[in-house]
Amino acid sequence: MSRALKIYLILFAVLIAVTIAIDRSREKPLDWSQTYYLDGKKPLDLYVMDREIDHLFNDSVIRYDKNPFEYFQQQDSANVKKETYLFIREYVYIDEALLNKILNAVRQGSTLFIASDGFTSYLTDTLRTSCDYATFKNPVGFSSKTGERDSLRLSFSKEEWSGVEYSYSPVFGQYAFLYADTAAVTALGYMEFSDETKYINFMEFRFGEGKIILHNQPVVFSNYSLLSNEPLQEYAERVLSYLPDQPVVWFVQSQQNSANRGKTPLSVVFGYP
């Protein structure tokens, strides 16, 4: 190896080392991805929620990390156990086949609880409700600096909690319930934007012997909300207090399982040079 080549290699190694040192020393922006992973520690994951939920439901929570359809496929459709089915995600996609199985269980006394930024049309059509993008004067900004984003005020309709508001920022979801069949629904809570436009964001639907509860701000259960704002801890607890005294089946997502599901035979092959 020539002396000149050795010098070039040394300089290249020094450049790499300096680049790594600079990258490690600089402040990295927060990752605001709405992943809602059970084992994730990003602001919008559910690590804290996972540590606290057992205390709220007397250790009756089952965490199910497979396809929800598989869970209901194993049930006796004519004699379903009364349970609460819990989903907390950015968006919960429920196709018609899965929805029919869930609704069969709800008719027999189970409860479906979904905290999601929007709901599948199969569900909203069945419940005769509309959940659409709610507009307000100040648009939501999505920079990494939370101070540049707008705030939102949350409240309950329950008389004993009337007058109590919970404020949080940044705003991530702007979907709200704009219409509902009032014969079988109860408005449990509201959200109010900074320009004082107010929408229903928390609803309970009676369905057979059971009920379906929908909340449109899953962010209130995230690491960021539960750790940064003590009143929001109370808000999250009060939302979950509407769930009946039943065993809870929590359909969860994890970082590890998501990585595994993303692997195909070809991805394994291309993973090696």
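## Helix 2 and its salt bridges

In this predicted model, the side chains of arginine 51 and aspartate 50 meet in a salt bridge, with 2.8 Å from N to O.

**Exercise 1.** Determine whether each partner of the salt bridge between arginine 51 and aspartate 50 is buried, partly exposed or exposed.

*Solution.* Begin with the cut-offs, under which a residue is buried below 20% relative accessible area and exposed over 50%, with partly exposed in between. Arginine 51 has a relative accessible area of 43%, so this residue is partly exposed. Aspartate 50, at 13%, is therefore buried.

**Exercise 2.** Work out which residues of helix 2 are buried, and which elements they pack against.

*Solution.* Helix 2 spans residues 47–56, and its buried residues are Val48, Met49, Asp50, Ile53 and Asp54. The next step is to look at what surrounds them: these buried residues pack against strand 1 (61–64), strand 2 (84–88), helix 6 (223–228), helix 7 (230–240) and strand 11 (248–251). Finally, look past the helix, where asparagine 58 follows with a positive phi, near 50 degrees.

**Exercise 3.** Compare the accessibility of lysine 81 and glutamate 83, whose side chains meet in a salt bridge, and then find the network to which Asp50 belongs.

*Solution.* The N to O distance between lysine 81 and glutamate 83 is 3.5 Å. Lysine 81 is exposed, with a relative accessible area of 55%, whereas glutamate 83 counts as buried at 3% relative accessibility. Turning to the network, salt bridges with shared partners join Asp50, Arg51, Asp54 and Arg63 into one. The structure as a whole holds 10 salt bridges.

Note on methods:
Residues are numbered from 1 along each chain as its sequence is written. This is a predicted model: local features need pLDDT of at least 70, side-chain atom pairs count only at pLDDT 80 or more; totals for chains, interfaces and linings use all residues. Side-chain values use heavy atoms; hydrogens and water are left out. Buried means under 20% relative accessible area, exposed over 50%, partly exposed in between (1.4 Å probe, protein chains only). Helices (H or I, at least four residues) and strands (E, at least two) are DSSP runs, numbered from the N terminus. Contact means heavy atoms within 4.5 Å. A salt bridge is a side-chain nitrogen of Lys or Arg within 4 Å of a carboxyl oxygen of Asp or Glu.
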